[in-house]
Each structure stands twice: as C-alpha cells, then as structure tokens.
Amino acid sequence: MATLTLNTVKKSFGKTDVIHGVSIDVADGEFIVIVGPSGCGKSTLLRMVAGLETVSSGDILIDGRRVNEEEPMARDIAMVFQNYALYPHMSVFENMAYGLKIAKVPRAEIEERVAQAARMLQLEPYLQRKPRELSGGQRQRVAMGRAIVRKPAVFLFDEPLSNLDAKLRVQMRLEIKALQRELGVTALYVTHDQVEAMTMADRMIVMNGGVADQIGKPLEVYADPATEFVAGFIGSPP
Ligand code: ADP
Ligand code: MG
C-alpha cells in the first residue's frame, strides 16, 4: 500500500507546454480516475508517474519518497495499457512470469504468484494458451495479471478498456474495482469516458488542456461542476 503525491507537476515537449502544473494527493488504497478528452495530457501525466517520461518541473512522491529520478522498475508501480502489449509467441503463463524472471525471482515463487493471479482473474484454464487464442476480455485480464504478479503498491491504468465492446467494458469496470479492493492497491486510472469515471472513481480529476479543472467525488463533480468545461464534459454523451 502507498500514497501518491503530485506536486505542481509540469511537462513540456520542446516549447510546447502540455501539463501546466497538476497537484494531486492520492490516499492509500484510493481509486482516482483522471478523465478528459483526447489530447488533454492524461497519458503524459501517467507516464511521468510511471517513470516512462521525465518531469519538466514539480515533484512526484510515493509514500513521501521523491521518485523523479528513479527508474520505472524501482518505483513499486505497475501499468496496464489499452493495447495490452502481450508477447504473442509466449503462453499466458510465460506472459505473466516474464517480468519476474527478469527480476530474478526464484522459480517456485514465480509459479506461486502466477497461480494466485490466475485464480483471481479466472485465467486458470488458459495458462498454456497463446494470446491469439483468447478473447479480448481474457487478454486484458492477462495484462492485469502481469501487473498483479509484481505486487506493486501503485497501479496505473491507461484506458485499459477502450478496445473492448460495450458490454464487456461495463463488466470489466466492476472486475477492476473488485480486484483493486481485494489487493488494497492505490490506483490511478485514465479514461476519456465520463461514465466510466463516474462509476469507478473514489475521486475523479477532470483534465482540460493540461490543467486539472476539478478534483472531487463523482457526485460532487456532477452536482457542482467547477467550470463550464467540466459541466459540458460531464453532461455530454460518452
Ligand atoms: P491524452 O492521453 O489525454 O490523449 P497525451 O498525454 O497523449 O493526451 O498528449 C497530450 C499532448 O501532448 C498532445 O497534444 C500530444 O500531441 C502531446 N504529446 C504527447 N507525447 C508527446 C511527445 N512525445 N512529443 C511531443 N508531444 C507529445
Ligand atoms: Mg492517452
């Protein structure tokens, strides 16, 4: 378990300012959703937390420890992407075990952690299959399994459900929430879908052109939008 703090985090690519100073305090075990239209800087913000992108200014703290200069693997974070990024030639078991092998986790412990994740994700019957032999929902579960086996303190999700059909998307929202509670991890979840944000978030952050327009509980944001942008975005069809 961990807290996550962003302190006036800014990002520029060359002369273009993309994130204008975002501050967030994510509590231990909290599920925060960052929501906003395409291009507002959601992925960039998440990638800075993951260490896949440098921070131009400001600080990122995990459990009070400044991690700006830490390598991604050292940050105690795991990230789940929209496009799964599974290894096509590896089995489900190997996909989940790979990161642990790299980290030199002993074989017996790898098997135990993968078995536990497979149980949680209902993937036990599919461990020897290749990704192409799975449904979209099962592939997304493998991607989550790969993150879970690392036992991270913080989970980052970048539009993990965008490639799934509408019915499965609704089901997987519930699964991800249940899993996050069961694991007790702190989560930062990005989506462009305001309904997804409203249904999943403990608190949500509405982003508008690199600025956090509002941070609050879904019902607070819904009932009392801080800006015209927030009102328009939350009220618009998904
Ligand atoms: P979102 O995830 O909300 O759709 P992004 O974080 O991907 O938004 O992008 C925010 C802005 O930053 C966009 O204008 C995008 O073009 C720009 N951007 C993202 N990555 C880079 C990069 N590596 N170099 C230059 N511009 C980038
Ligand atoms: Mg994005």
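## Exercises on a predicted model with one ligand shell

The shell around ligand 1 is made up of three nonpolar residues, six polar residues and one charged residue, where Ala, Val, Leu, Ile, Met, Phe, Trp, Tyr, Cys and Pro count as nonpolar, Asp, Glu, Lys and Arg as charged, and the others, Gly among them, as polar. This is a predicted model, in which local features need pLDDT of at least 70 and side-chain atom pairs count only at pLDDT 80 or more, while totals for chains, interfaces and linings use all residues. Residues are numbered from 1 along each chain as its sequence is written, and chains are lettered from A and ligands numbered from 1 in the order in which they are written.

**Exercise 1.** Identify the residues around ligand 1 and the element that gives the most to the shell.

*Solution.* A residue is near a molecule if its C-beta atom, placed from the backbone, lies within 6 Å of it. The residues around ligand 1 are Phe-13, Val-18, Gly-36, Ser-38, Gly-39, Cys-40, Gly-41, Lys-42, Ser-43 and Thr-44. With three residues, helix α1 (residues 42-50) gives the most to this shell; helices (H or I, at least four residues) and strands (E, at least two) are DSSP runs, numbered from the N terminus.

**Exercise 2.** Work out the order of the open sheet of four strands and find which strands stand at its edges.

*Solution.* The order is β2-β1-β4-β5, with antiparallel pairing, two strands being paired if DSSP finds at least two bridges between them. The edges are taken by β2 (16-26) and β5, each of which has a single partner strand, so one side of each is left without a neighbour in the sheet. Strand β1 (residues 4-13) pairs with β4 in the antiparallel sense over five bridges, and the bridge partner of Thr-5 is Leu-61 in β4.

**Exercise 3.** Describe the hairpin of β9 and β10.

*Solution.* Strands β9 (residues 203-208) and β10 (residues 211-216) pair in the antiparallel sense over five bridges, and Val-206 stands opposite Gln-214 in β10. Two residues lie between the strands of this hairpin, where Gly-209 takes a positive phi near 50°.

**Exercise 4.** Locate the positive phi values of Asp-63 and Asp-76, and classify the burial of Asp-63 and of Asp-76.

*Solution.* Asp-63, although not a glycine, has a positive phi of about 50°, and it is found in the loop between β4 (57-62) and β5 (65-66). For Asp-76, phi is near 65°, and the residue is found in the loop between β5 and β6 (77-80). A residue is buried if 20 or more other C-beta atoms, placed from the backbone, lie within 10 Å of its own, exposed if 12 or fewer, and partly exposed in between. Asp-63 has 15 other C-beta atoms within 10 Å and is therefore partly exposed; Asp-76 has 16 within 10 Å and is therefore partly exposed.

**Exercise 5.** Test the protein chain against the expectation for a compact globule, and examine the contacts of Ile-34.

*Solution.* With 238 residues, a compact globule would have a radius of gyration near 18 Å, and the protein chain agrees because its value is 18 Å; the radius is taken over C-alpha atoms, and the globule rule is 2.2 Å times the number of residues to the power 0.38. Buried residues make up 37% of the 238 residues. Leaving aside neighbours within four places in sequence, Ile-34 is in contact with Lys-42, Leu-45, Leu-188, Val-190, Ile-205 and Met-207, contact requiring C-beta atoms, placed from the backbone, within 7 Å.

Note on methods. Contact = placed C-beta atoms within 7 Å.
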